[in-house]
Amino acid sequence: MSATLITTILFYTFAAVLVVAALGVVTSRNPVHSAFFLVLAFFQSSMLWLLLEAEFLAVVLVLVYVGAVMVLFLFVVMMLDINVEELRQGYTRYLPLGLVVASVVIVEIAHVIWFRSQDLPLLTTPAARPADYSNTKELGAVLYTEHVYAFELAAVILLLAIVAAITLTMRRRPGLKVQNIAKQVAVRRDDRVRLVKVDAVKDEEG
């Protein structure tokens, strides 16, 4: 069995599992099950990246999304008391709008694939890279040379999003204890420590 045939079989296997996992994310009735289906979808996507010899992207997908983001999702889903029945009450009301939006997205994707695939050999396997080839090095070279300004702009936007999220959560609520840094710095020893002299008490048995 040739390497090309093995790669093709692996691709269709991973792709089929990925499609099934993606359907499980949107059709599962349990939010925790949906999160686990999403984890499976991330793993299958990383396998597809490995078949394309993009090891760095595959490892980042597993470490960042599966190892960090999905753990956060699971904690949020398990800690929040989600009433699934209340969420389903407005399902039929928004179903026509959802079908329209899904149809528009499908038409757009088909439109892009049709025009992009006119001159591209979609059924051919990409040429194998030499053993000393590093896609991490090539990705860094492109990212920090051709797209350095876009990369820095994305970093600034993420920083602003983090600051905005922290600012929105720091609300003034009654009974909420907050720190006053000025008072903590200006405090004196006499305000915090009181020395009490206690007379010695002799034990009666002694």
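This passage describes the overall fold of the chain and the packing of helices H1 and H2.

The model is predicted. The chain holds 9 helices and 0 strands. Read along the sequence, the pattern is α-α-α-α-α-α-α-α-α. Of the 206 residues in the chain, 11% are buried. The exposed surface of the chain comes to about 18,100 Å². Carbon and sulfur atoms supply 67% of that area. Among contacts with a separation of 6 or more, 58% join residues 24 or more positions apart.

Two packed helices are described by the angle between their axes and the distance between the axes. Helix H1 spans residues 3-27, and helix H2 spans residues 31-51. Their axes lie 8 Å apart and meet at an angle of about 160°. Angles over 145 degrees count as roughly antiparallel, so H1 is roughly antiparallel to H2. The crossing of the two helices is left-handed.

The contact draws on residues from both helices. H1 contributes Thr7, Leu10, Phe11, Phe14, Ala15, Val17, Leu18, Ala21, Gly24 and Val25. From H2 come Ser34, Phe37, Leu38, Leu40, Ala41, Gln44, Ser45, Met47, Leu48 and Leu51. By class, 15 residues of this contact are nonpolar and 5 are polar. No charged residues take part in the contact of H1 with H2. The nonpolar residues include Phe11 and Phe14 in H1, and Met47 and Leu48 in H2. Among the polar ones are Thr7 and Gly24 in H1, and Ser34 and Gln44 in H2.

Technical notes
Residues numbered from 1 in each chain as written. Predicted model: local features only at pLDDT ≥ 70, side-chain atom pairs only at ≥ 80, totals over all residues. Heavy atoms only, no water. Helix = DSSP H or I, 4+ residues; strand = E, 2+ residues; numbered from the N terminus. Buried < 20%, exposed > 50% of the residue type's maximum accessible area, 1.4 Å probe, protein only. Contact = heavy atoms within 4.5 Å. Areas by Shrake-Rupley, 256 points an atom, 1.4 Å probe, with all protein chains shown as cover. Axes fitted to C-alpha atoms, helices over the stretch in contact; angles between N-to-C directions. Parallel < 35°, antiparallel > 145°, perpendicular 65-115°, else oblique. Left-handed = near helix turned anticlockwise from the far one by under 90°.
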